[in-house]
Amino acid sequence: MNILQGGMSFVSNEGLPDEYQWFSDQIAGHHPSVIKNGKREIGLLKIPGSCEILKPKQDASRGEKEVALYKLLLSSSSSSPSPTEQNPPSSLLTTSSDELRNGVRMEDVDGLRELTAKFHRMQTLFVDGEDREFLVLEDVTSDYKRPAILDLKMGQVTYDPLATPAKIEKESVKYPPQATMGLRILGYRIHRGDDNVEVRDKDWGKSFDETNVQTGLCEFFSARDAPHLENVLKEALDKLKDIKAYFETQKSFLFFASSLLFVYEADKTLPINLKIVMIDFSHAFTSNGLRDEGYLFGIQNLEKYLKSML
Ligand SMILES: Nc1ncnc2c1ncn2[C@@H]1O[C@H](COP(=O)(O)OP(=O)(O)O)[C@@H](O)[C@H]1O
Ligand SMILES: [Mg+2]
């Protein structure tokens, strides 16, 4: 039996196409355990055993933005001719996200591709009585025996430049330390044994601020025995360095309410294999030559926290 500590509970797979299940290792985001206006939210889906997950395209501009960004990443792999800096192929940006088209540097696109989950394609599935669109993404947790997974929401504000005053107010009061730390813990899942998953949710994450966030992070990075903690932290710092280097130079994108997903192997007989992957681009904007200082601030603080734990 799963040990669910304030986490999301089991949700029936009824209403899903054959073979598909709700992705059980989802940490945050839209989730079928949440009922809004009498309907359950659509979360991530998975065919058990596959290396892919399906993320529902979100409503309105949020979904368009995320799809446009992933398609932009798909468009310019080094094997295909690169679009020019100012003008990526418009067919790939058939969305409302004209802002993506302007001022994006291809080197920043290439850099971002290295830091995200691989995007494969779009797919339509009949879920809960409706045809819905999904992004088919690499499941970055699939090649672990016992994954330890953490979601950190990055940046100093979680509302985007188009937010209404009401949305700004709502987001600002949710978790004030977001502004001072540039990050927030959304929760983690650690597979401790075959039928033993330790879950921490966003309310647990909100119990931390800059005075004690190391305690929460330490809990996540200590899934292996004590002598391994140092190595887990060293791998995390090593991978974080690449992300920091990207954010120090990239001047194409601003990410709001976007996350860093950490995954490592909790089974002590196997290599740690720590990964950090950028996810959730439903509030990604082009920055027209500016760095994303809020996100970078969060990375710098995270680096400090991890170093102080060593
Ligand atoms: N590529 C991925 N591989 C594995 N898990 C993922 C991946 N993308 C998202 N997730 C999981 O799903 C959760 C929600 O994803 P997210 O993109 O933030 O959705 P939402 O737009 O609903 O907030 C994340 O916290 C993470 O646990
Ligand atoms: Mg999210």
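Two strands pair if DSSP finds at least two bridges between them. Helices (H or I, at least four residues) and strands (E, at least two) are DSSP runs, numbered from the N terminus. The model is predicted: local features need pLDDT of at least 70 and side-chain atom pairs count only at pLDDT 80 or more, whereas totals for chains, interfaces and linings use all residues. Residues are numbered from 1 along each chain as its sequence is written, and chains are lettered from A and ligands numbered from 1 in the order in which they are written.

**Exercise 1. Strand pairing around β9**

Determine how β9 is joined to β10 and to β8, and name a residue pair for each case.

Step 1. Strands β9 and β10 (residues 196–200) run antiparallel and are joined by 5 bridges. The connection is a hairpin through 2 residues.

Step 2. For a residue pair, Tyr 188 stands opposite Arg 200 in β10.

Step 3. Strand β9 (residues 183–193) also pairs with β8 in the antiparallel sense, over 7 bridges. Here Asp 151 has Gly 187 of β9 as its bridge partner.

**Exercise 2. The environment of β8**

Establish whether the residues of β8 are buried or exposed, and identify the partner of Leu 150 in β12.

Step 1. A residue is buried if 20 or more other C-beta atoms lie within 10 Å of its own, exposed if 12 or fewer, and partly exposed in between, with C-beta atoms placed from the backbone.

Step 2. In β8 (residues 147–154), 8 of the 8 residues are buried, so the strand is largely enclosed by the rest of the structure.

Step 3. Pro 147, Ile 149, Asp 151 and Lys 153 point one way, while Ala 148, Leu 150, Leu 152 and Met 154 point the other way; all are buried. Both sets therefore include buried residues, in a strand largely enclosed by the rest of the structure.

Step 4. Strand β12 runs antiparallel to β8 and is joined to it by 8 bridges. Within β12, Phe 262 is the bridge partner of Leu 150.

**Exercise 3. The nonpolar core**

Describe the largest nonpolar core and the surroundings of Ala 148.

Step 1. A nonpolar core is a set of buried Ala, Val, Leu, Ile, Met, Phe, Trp, Tyr and Cys residues joined through C-beta atoms within 7 Å. The largest has 66 residues, and those with the most contacts inside it are Ala 148, Ile 149, Phe 255 and Phe 262. Helix α8 (residues 226–249) gives the most to this core, with 7 residues.

Step 2. Two residues are in contact if their C-beta atoms, placed from the backbone, lie within 7 Å. Not counting residues up to four places away in sequence, Ala 148 touches Tyr 188, Ile 190, Phe 220, Ala 223, Val 263, Tyr 264 and Ala 266.

Step 3. For the protein chain as a whole, 36% of the 310 residues count as buried.

**Exercise 4. Helix α9 and the loop before it**

Compare the span of α9 with its expected value, find where its buried residues pack, and characterise Asn 288 and Gly 289.

Step 1. The expected span of a helix is 1.5 Å times one less than its number of residues. With 17 residues, α9 reaches 24 Å from its first C-alpha to its last, close to the 24 Å expected.

Step 2. Its buried residues are Gly 294, Tyr 295, Leu 296, Gly 298, Ile 299 and Leu 302. These pack against β8, α5 (177–181), β9, α8 and β11 (253–255).

Step 3. Asn 288 lies in the loop between β14 and α9. Its phi is positive, about 50°, although it is not a glycine. Asn 288 counts as exposed because it has 12 C-beta neighbours inside 10 Å.

Step 4. Gly 289 is in the loop between β14 (284–286) and α9 (293–309), and it counts as exposed because it has 9 C-beta neighbours inside 10 Å. Leaving aside neighbours within four places in sequence, Gly 289 is in contact with Gly 103 and Lys 251. The C-alpha atoms of Gly 289 and Gly 103 are separated by 6.9 Å, although the residues are 186 apart along the chain.

**Exercise 5. A positive phi at Ala 257**

Locate Ala 257 and decide whether it is buried or exposed.

Step 1. Ala 257 is placed in the loop between β11 and β12, and it has a positive phi of about 55° although it is not a glycine.

Step 2. Ala 257 is buried because 20 other C-beta atoms lie within 10 Å.
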